[in-house]
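Below is a colleague's note, set out as numbered points, to be read with the sequence and the structure open side by side.

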Amino acid sequence: MTSTFHVRGGRPLKGEITVRGAKNLVSKAMVAALLGEEPSLLRSVPDIRDVAIVTELLKVHGVKVDRDVATGLIRMDPSNVERAHAAEIDAHAGSSRIPILFCGPLLHRLGEAIIPDLGGCRIGDRPINYHLDVLREFGAHVDKRELGIHITAPNGLKGTKIHLEYPSVGATEQVLLTAVRAEGVTELTNAAVEPEIEDLIAVLQKMGALITLQTDRTITIEGVERLGGYEHVAIPDRIEAASWACAALVTKGDVFVQGAQQKPMSTFLNVFRRIGGGLDITDDGIRFFHPGEPLRSIAMETDVHPGFMTDWQQPLVVALTQAEGISIVHETVYENRLGFTSALNDMGARIQVYRECLGGSSCRFGWRNFNHSAVISGPKALHGADITVPDLRGGFSYLIAALGAEGISSIHGIDLIDRGYESFREKLTALGAEYWED
Ligand code: EPU
C-alpha cells in the first residue's frame, strides 16, 4: 500500500537546493552506451526511478552497470551485450517510454529487439507510430506480438531520408541512436532540437559518431562501423529547476537552484519575469523569488524548443492562479495535458478548459475534440484538499499548490514523483516545508 503525503501549506519556501542531470538526457545517454564497444562514464546522474528502470534494462541485456548514487557517477560496460529473455523485458512493461529507444542499439548489437508495452505519463495517447515508421525506414521489420513488439533487421540497417510530420523528441532520438551505426548517410528533416537532444548528439560525437545539426532543423548523420565509449557530464534538469522556481513563486518564497542554467531555460526565464517573478542569474545557479508585488497574468503557448516547454506548463499554471487578471495557456504539444486543472479548481482556483486554440496560433489539436486551452482567473486563494497525483509533472504541480494553500492537503500516489524529481522530500525539508507521510 502506498503512503499518503500530507502538506501543511502557507510557508514560504526559502533556501538552496541542487539539481543534477536531466532525466530526459540521462536515460537516453544510458541507452547510447549500448552502442559502444568500450565502457562509458556518465556524471551528474540523479537518483530517480527512471534511471533505475534503464539500469535494469541495460543489465538484462548483459551491460555491466556500476553506480555511485551519492556522486552521481554511472559506469556502463557493454562488452558482453546479450539477448534478454522476453519475460525479463516484459517485467518493465508500462514503467517508462525509454525501452522503445533500445531498438536501434539492440538491432546493431544483436540483430533483434524485443520491446515491452510502454508506460510513461498518461498525458495523451502518446503513440509510438513515429518510432516504428522510423525503424521501418532504416529497413527493420516490426512484428507486434502478445508480449510486446519484436523487431528484426535481416538485411542490416541502412541510412535513409526521413521527414518527421511533427518534431517529436523521441522520434528524433530514435533516428540518432539508429543512424549513427547504420550503413550510409541519414538525413532527418523537421527534427526536434531540444537542449537534451543537443547533449545526446554531444555524447554520440564523443563515441565517434558523425552528426551535423543545421540551422533549419535538419540533422545529417554519417553512419560509422564502430563506436567507442564516452565520458560526459549530463546537462542539468531544466524541468526540475523550473518546477522549484514556480514553487518559490506560489509560496511567496526565495529559492536558489544550484545547477540551473540560463541558456536552456531562457524562454522560461522570460515568462517568469513577465509575470512578475524575481530572478538572479549566476554562473552557479539561479535564484527565483517572489518580489512582494502582485503577479501579472499572461497569454502564452507551449511549443517545441526554443518555445515554452510543455513540461513547464503544469507548474506555471499553478503560479498563474496567483496572478492578477486572466491568463491564457494554449498547450500545443500534448492533446490532454490540462486534465490536472480540475483538482486545482477543487483547491479554490478558477480555471476553465476549452477545445479551441486560444490566445494565438492554431495547432494540430484545434479541430479535434481535446481540451487543450486553459483560461485562468486570478488571483485565487488556494485551500487544502484531498488530491491524487495524475502524472509526473501534474503531481509536482499539486505539491506546489498544496505548499501555497491554506491548511492541510493530502496527496495520494506521491511515489510517481520519484520518477523524475530527485530527493524531493529532502529538498522540501531544506526549504522549510511542513509535510508528513502515513
Ligand atoms: N507522438 C506521436 N507519435 C509518436 C511519438 C510522439 O504522435 O510516435 C506525439 C505525442 O503524442 C506528442 C508529440 O508527438 O503529442 C510530442 O511527443 P514527443 O515524441 O516529442 O515526446 P516524447 O519523446 O515521448 C519527451 C519527454 C517528455 C516531454 C516531451 C516533449 C522523455 C522521456 N520524455 O517525450 O517528458 O514532455 O519529450 O518535450 O524524454 C516528462 O519528463 O514528464 C515528460 C513527459
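The points that follow take up the domains, the ligand shell, two helix pairs and a few backbone details.

1. Please bear in mind throughout that this is a predicted model. The domain assignment divides the chain into domain 1, which is made of residues 4-19 together with 236-437, and domain 2, which covers residues 23-233. The C-alpha centres of domain 1 and domain 2 are 30 Å apart. To the contact between them, domain 1 gives 16 residues and domain 2 gives 15 residues. On the side of domain 1 that touches domain 2, the residues sort into seven charged, five nonpolar and four polar.

2. The ligand is surrounded by 27 residues, of which Asn24, Tyr130, Ser168, Val169 and Gly170 come nearest. Both domains take part in this shell, since domain 1 and domain 2 each contribute at least three residues to the shell. Among the elements that supply at least two residues each are α1, α5 (129-137) and α6 (169-179), and α10 (310-320) and α12 (392-404) do likewise. Sorted by class, the residues of the shell are 13 nonpolar, eight polar and six charged.

3. Helix α1, one of the contributors to the ligand shell, also packs against another helix. General practice is to describe two packed helices by the angle between their axes and the distance between the axes. For α1 (residues 23-32) and α7 (residues 195-207), the axes come within 9 Å and cross at roughly 25°. Because that angle is under 35 degrees, α1 counts as roughly parallel to α7. The crossing of these two helices, α1 and α7, is right-handed. On the α1 side the contact involves Asn24, Leu25, Lys28, Ala29 and Ala32, while α7 presents Glu196, Asp199, Leu200, Val203, Leu204 and Met207. By class, the residues of this contact of α1 with α7 are seven nonpolar, three charged and one polar. Asn24 therefore deserves a second look in the viewer, because Asn24 is listed in the contact with α7 and is also one of the residues that come nearest to the ligand.

4. A second helix pair can be set beside that one, and α12, one of its members, is again a contributor to the ligand shell. The axes of α8 (residues 238-250) and α12 come within 9 Å and cross at roughly 20°, so α8 is roughly parallel to α12. In this pair, too, α8 passes α12 in a right-handed crossing. Ser243, Cys246, Ala247 and Val250 of α8 make the contact with Phe396, Ile400, Leu403 and Gly404 of α12. The residues of this contact of α8 with α12 comprise six nonpolar and two polar, with no charged.

5. Three places in the backbone should be checked in the viewer. Most residues other than glycine have a negative phi, and most peptide bonds are trans. The peptide bond from His305 to Pro306 is cis, with omega near 10°, and Pro306 is found in the loop between β18 (299-301) and α10. A cis peptide bond also joins Gly378 and Pro379, with omega about 0°, and Pro379 lies in the loop between β21 (373-378) and β22 (386-388). Ser44, a residue other than glycine, has a positive phi near 65°, and its place is in the loop between β3 (40-43) and α2 (49-60).

Methods: Residues numbered from 1 in each chain as written. Predicted model: local features only at pLDDT ≥ 70, side-chain atom pairs only at ≥ 80, totals over all residues. Axes fitted to C-alpha atoms, helices over the stretch in contact; angles between N-to-C directions. Helix = DSSP H or I, 4+ residues; strand = E, 2+ residues; numbered from the N terminus. Parallel < 35°, antiparallel > 145°, perpendicular 65-115°, else oblique. Left-handed = near helix turned anticlockwise from the far one by under 90°. Contact = placed C-beta atoms within 7 Å. Nonpolar A, V, L, I, M, F, W, Y, C, P; charged D, E, K, R; others polar. Near = placed C-beta within 6 Å. Domains from an automatic or database assignment.
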